[in-house]
Amino acid sequence: MLQYKRVLLKLSGESLMGDQQYGIDSQRLNDYAEQIKEIVVQGVQVGIVIGGGNIFRGLSGASKGFDRVKGDSMGMLATVINSLALNSALEAIDCKSRVLTAIRMEPIGEFYSKQKAVDYLSEGYVTIFSAGTGNPYFTTDTGSSLRGIEIEADVMLKGTRVDGVYTADPEKDPTATKYDKISFDEIYHKDLRVMDLTATTMCKENNLPIVVFDMDTKGNLLKVIKGENIGTLVHV
Ligand SMILES: Nc1ncnc2c1ncn2[C@@H]1O[C@H](COP(=O)(O)OP(=O)(O)OP(=O)(O)O)[C@@H](O)[C@H]1O
Ligand SMILES: O=c1ccn([C@@H]2O[C@H](COP(=O)(O)O)[C@@H](O)[C@H]2O)c(=O)[nH]1
């Protein structure tokens, strides 16, 4: 029994590095593609947003003297590179997929529209939304909440390298403990930073629940789709 029919899956760009310091680890990329195919064959419609942190982030560019808006454009282009890599990995395993771009750049990808996205999803294409929102000063978390809301996804699945929302950043505080469920309001009150606040607010105001889970363990995506309690559900 599947819990969700249409999902927006957010993948971390940083996780795509695997054990490398930079760029795309092909093993990690292929593992992600296999996990995605596993849910597509079950009939789940999958929209995807991938971050760009394995290549470039506007904020870190700005701290080194780059113009912020140009840096953000570079970050958005980084998400296009990751999206094309995932598209290619999916096609290599016979999982049909399309890349839409928030900034016009045919023939690299088709320019995004909600109608195009919903048509592709309904036809069973894994539809990858690249270049974030197309605007500087945003992140791919916000791009994910925006696209998730637009395509009327049942849930936003934040597949990352931690296995849920914790009382504090588990990569910095070893005493942090994990929530099975948490409300949006608690996320604000406790100032938990697993996702940026703009993205969290958009999900809250549009009733889009989030599941944060560890995407780097094979089989986890299917478990989440089946409703297994392996991550953290963020609810209204
Ligand atoms: N309370 C918290 N609970 C869980 N994770 C947290 C928390 N606070 C901060 N984090 C951090 O959030 C990170 C997950 O965010 P995300 O998946 O967006 O990673 P990212 O590296 O920013 O991705 P991207 O490359 O897409 O920008 C975790 O690696 C974790 O260190
Ligand atoms: O809507 C958006 C989305 C992203 N950016 C820029 O891209 C990088 C990479 O995205 P992450 O979410 O950090 O992985 C981001 O740091 C921004 O610089 C953007 O400008 N607008």
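The exercises below, each with a worked solution, concern a predicted model.

**Exercise 1.** Describe the shell around ligand 2 by asking how many residues surround ligand 2 and which are the closest, and which helices each supply at least two residues of the shell.

*Solution.* Begin with the count: ligand 2 is surrounded by 23 residues, and the closest are Gly-51, Gly-58, Asp-72, Gly-75 and Gly-132. Next, turn to the helices, where H2 (58-63), H3 (68-92) and H5 (140-150) each contribute at least two residues to this shell, with the largest share, six residues, coming from H3. Finally, sort the shell around ligand 2 by class, which gives 15 polar, five nonpolar and three charged residues.

**Exercise 2.** Determine whether Thr-160 is buried or exposed, and do likewise for Asp-169.

*Solution.* First, note that the unreviewed UniProt entry lists both Thr-160 and Asp-169 under "binding site", among other residues including Lys-10 and Tyr-166; the listed residues are spread in space, up to 24.3 Å between C-alpha atoms. Second, locate Thr-160 in strand S6 (residues 155-160) and Asp-169 in the loop between S6 and strand S7 (181-183). Third, count neighbours: Thr-160 has 21 other C-beta atoms within 10 Å and is therefore buried, since the cut-off for a buried residue is 20 or more. Asp-169 has 12 C-beta neighbours inside 10 Å, so Asp-169 counts as exposed, because the cut-off for an exposed residue is 12 or fewer.

**Exercise 3.** Which residues does Thr-160 touch, not counting residues up to four places away in sequence?

*Solution.* With those sequence neighbours set aside, the contacts of Thr-160 are Ser-12, Ser-15, Val-212 and Met-215. Of these, Ser-12 also appears in the UniProt "binding site" list.

Note on methods
Residues numbered from 1 in each chain as written. Chains lettered and ligands numbered in written order. Predicted model: local features only at pLDDT ≥ 70, side-chain atom pairs only at ≥ 80, totals over all residues. Near = placed C-beta within 6 Å. Helix = DSSP H or I, 4+ residues; strand = E, 2+ residues; numbered from the N terminus. Nonpolar A, V, L, I, M, F, W, Y, C, P; charged D, E, K, R; others polar. UniProt positions renumbered as here; feature names shortened; annotations may be inferred. Contact = placed C-beta atoms within 7 Å.
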